[in-house]
Amino acid sequence: MTVSEEQLAAFCVNAQIALKPEEVPLVLGPLNDLLALCDKLQELDCRGVEPFYWRMGRKPSRRPDEEEPWADRDRFIEEAPTQDGDFFRVPRIMAESKEA
Amino acid sequence: MDFVRMTACEIAAGVKAKDFSALEVANAHIARIEKYDSRINACVTRCFERAVEKARGIDSRVAAGETDGNLPLAGVPVLLKDNFCTRDVRTTCGSRMLENWVPTYDASVVESFENAGAIVLGKANMDEFAMGSTTESSIFGPTLNPRDESRVPGGSSGGSAAGVAAGYCPVSLGSDTGGSIRLPAAFCGVHGMKPSYGEVSRYGIVGYVSSLDQVGPFARNVKDLSLALDVLARPDPHDSTCDAYVRPRFSDALAVDNFKGRKIGILSGYDESSVDPRILEKIKLAAQICRDAGAEVVDVEVPLTMDYGVACYYILALGDASSKLACFDGMRYGLHVEGQTLFDMYSKTRDRGFGFEVKRRILLGTCVLTSGFYDRYYRQAERVRNRIYVEFEELFRKIDALLMPVSPSLAYPIGMVESDPQRIYLGDAFTVPMNLAGLPSISLNMGGNGLPVNIQIVGGRYGDQRLLSVANIVERATEPCTIASFEGGR
């Protein structure tokens with residue numbers, strides 16, 4: 001399979017990545033090279049083979065399902081690029097209603 | 001005393017015996033970094049004041065009579081790859097996205113190392129978000145190879161490997177998703193170990209691909225690798241992928257002095273003409289050392305892995321990385337660039353925060369996860385990975401360890417990544433299979449008259465202790481690994 005410039009533009013939207021016009025061939029070339037390299041996986045008959053998942057060798061680490069308060073709440077808030085008092089400030093995700 | 005040439009074991013023993021102080025050791029290594037790092041750029045954040053304070057603390061604990069068992073790394077200076085979260089010390093992943101990010105907690109392995117008495121001198125340079133094999137894509141600029149400053153140190157843990165080779169510390173830590181410990185160890189002429197998947201906690205590591213990443217040590221001798229693994233490998237309730245079983249003492253591997261009854265495989269069935277002859281020569285030497293120690297040495301093949309491993313790896317790694325890096329959205333931590341709308345803000349933040357190689361890999365990963373591509377590529381790669389896992393499971397029922405190259409070539413010149421990315425991707429063919437199958441693997445320095453030459457020794461899953469015993473016997477019969485001279489020689 002090969003990817004067109006239009007398809008790449010759609011991937012950019014999905015990944016929230018903006019490319020400059022001069023960067024487009026620098027992504028498209030390696031992307032199509034990679035797909036050509038990976039097309040060879042189709043040669044393998046994997047009918048009946050389950051997709052891989054990790055079998056933990058012995059037993060996974062577990063911890064009790066208990067509340068574990070962190071002491072540094074204020075520092076977490078400080079980490080946020082934009083804050084408002086006790087909250088992370090994030091952009092509005094829905095348009096404001098005209099009736100409101 | 002020549003502290004910078006000492007091993008970690010010698011330093012810890014000397015500090016605990018009060019032959020010298022942790023402070024003297026720290027100061028000697030700090031002086032070495034101050035003298036040479038303007039040349040090679042391996043240490044991107046220095047924590048010298050904090051290190052001096054910690055060293056004084058170790059000396060006080062030793063003076064108060066703390067026993068050996070509590071401080072196996074007493075006074076041992078270390079560098080940490082800059083994707084290990086360190087409380088109050090910035091953690092950048094070599095990216096503008098996290099340029100000023102200061103974590104509020106330590107990664108579990110950092111806590112283990114410091115509790116064992118290690119002194120963190122600083123954070124080591126790396127390819128941005130561990131995406132690369134040359135340590136050229138960091139915002140701090142490239143790290144140079146201390147054995148030959150015209151060449152790359154390998155990556156992505158290039159600063160950690162270069163630091164050990166340069167004598168900044170006897171032990172450092174890195175992470176390995178597809179060879180990011182083993183390749184830089186080979187290029188810089190030190191030892192590097194990727195433990196079995198599940199052996200070491202990844203809690204607090206800014207990961208690249210969860211199902212492939214593993215944390216491991218660099219050192220200049222196998223004894224120090226074992227010591228480091230004894231501290232690193234332990235259950236962690238904060239990482240459910242970290243096995244809860246009681247580990248063996250990995251240092252006990254050093255007591256093994258023969259291979260009678262053991263079978264060692266040499267990888268065959270690949271195009272040997274594509275591999276530097278100096279590497280093939282050292283693999284033959286290691287095989288002879290194993291024979292002399294009583295092992296039966298046999299040629300083995302993993303045809304499916306060699307044919308399909310790289311393609312399988314890139315699909316899975318890039319797909320997972322594109323999902324993982326979605327968390328860098330400019331809202332919770334790291335860089336934030338204002339935008340007109342939510343999506344404008346995302347886009348501007350990610351455009352300014354990520355370097356070009358990271359953006360390229362995210363887009364490649366987004367492609368293989370997109371409807372129409374997913375079944376053909378990602379789903380098929382997951383099935384192929386299962387077959388690769390089984391191929392190694394069957395192989396390690398027949399042999400105890402496998403000898404093979406780390407990379408087809410020795411350290412390459414700076415700038416080659418720009419001119420030939422495809423060649424660099426294919427250079428991963430010998431390292432990525434061990435991540436796909438979760439196998440422990442050591443990149444072992446075998447000397448080299450010019451550039452360093454390493455070989456790779458691979459063990460069965462959870463065979464880390466046995467793997468260390470093989471590396472130890474091979475190491476004993478080869479040239480010792482020294483620090484770079486910085487005076488024109490290697």
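**Two chains, their loops and their hollows**

Biologist: What share of the contacts in chain A with a separation of 6 or more joins residues 24 or more positions apart?
Modeller: This is a predicted model, so every value here is computed from it. Contact here means heavy atoms within 4.5 Å. For pairs 24 or more positions apart, the share of chain A contacts with a separation of 6 or more is 28%.

Biologist: In which order do helices and strands follow along chain A?
Modeller: Chain A has three helices and two strands. Read along the sequence, the pattern is α-α-α-β-β.

Biologist: What is the radius of gyration of chain A?
Modeller: The C-alpha atoms of chain A fill a box of roughly 55 × 50 × 30 Å along the principal axes. A compact globule of 100 residues would have a radius of gyration near 13 Å. For chain A the value is 24 Å.

Biologist: How much of the area exposed by chain A comes from carbon and sulfur atoms?
Modeller: Of the 100 residues in chain A, 31% are buried. The chain exposes about 7400 Å². The part supplied by carbon and sulfur atoms is 51%.

Biologist: Is Gln16(A) buried or exposed?
Modeller: Gln16(A) sits in the loop between helix H1 (5-15) and helix H2 (24-38) of chain A. Its phi is positive, near 55 degrees. Most residues other than glycine have a negative phi. The relative accessible area of Gln16(A) is 17%, and buried means under 20%, so Gln16(A) is buried.

Biologist: What is the relative accessibility of Phe129(B)?
Modeller: Phe129(B) also has a positive phi, near 50 degrees. It lies in the loop between S3 and H5 of chain B. Phe129(B) counts as buried, with a relative accessibility of 4%.

Biologist: Which residue follows Gly155(B) across a cis peptide bond?
Modeller: Most peptide bonds are trans. This cis bond has omega near 10 degrees. The residue after Gly155(B) lies in the loop between strand S3 (119-124) and helix H5 (158-166) of chain B. That residue is Ser156(B).

Biologist: Why does Asp82(B) count as buried?
Modeller: Asp82(B) is in the loop between strand S2 (77-81) and helix H4 (108-115) of chain B. Leaving out residues up to four places away in sequence, Asp82(B) touches residues including Arg90(B), Lys123(B) and Phe140(B). Buried means under 20% relative accessible area, and the value for Asp82(B) is 0%.

Biologist: What is the volume of the second largest pocket?
Modeller: The second largest pocket is lined by 22 residues, and Tyr105(B) is among those nearest its centre. The lining has 13 nonpolar, four polar and five charged residues. The volume is about 470 Å³.

Biologist: How many charged residues line the largest cavity?
Modeller: There are two cavities of 30 Å³ or more. The largest holds about 50 Å³ of space. Its lining includes Phe187(B), Ile279(B) and Asn454(B). By class the lining has seven nonpolar residues and three polar, and the charged count is no residues.

Biologist: What is the volume of the second largest cavity?
Modeller: Among the residues that line the second largest cavity are Asn83(B), Arg202(B) and Asp213(B). The lining divides into five nonpolar, five polar and two charged residues. The volume of the second largest cavity is about 40 Å³.

Methods. Residues numbered from 1 in each chain as written. Chains lettered and ligands numbered in written order. Predicted model: local features only at pLDDT ≥ 70, side-chain atom pairs only at ≥ 80, totals over all residues. Heavy atoms only, no water. 1 Å grid on protein atoms, 1.4 Å probe; cavity = no way out; pocket = protein on both sides within 12 Å on 5 of 7 lines; lining within 4 Å. Points joined across faces, edges and corners; volume = space filled by probe spheres on them. Nonpolar A, V, L, I, M, F, W, Y, C, P; charged D, E, K, R; others polar. Helix = DSSP H or I, 4+ residues; strand = E, 2+ residues; numbered from the N terminus. Rg over C-alpha atoms; globule rule 2.2 N^0.38 Å. Buried < 20%, exposed > 50% of the residue type's maximum accessible area, 1.4 Å probe, protein only. Areas by Shrake-Rupley, 256 points an atom, 1.4 Å probe, with all protein chains shown as cover.
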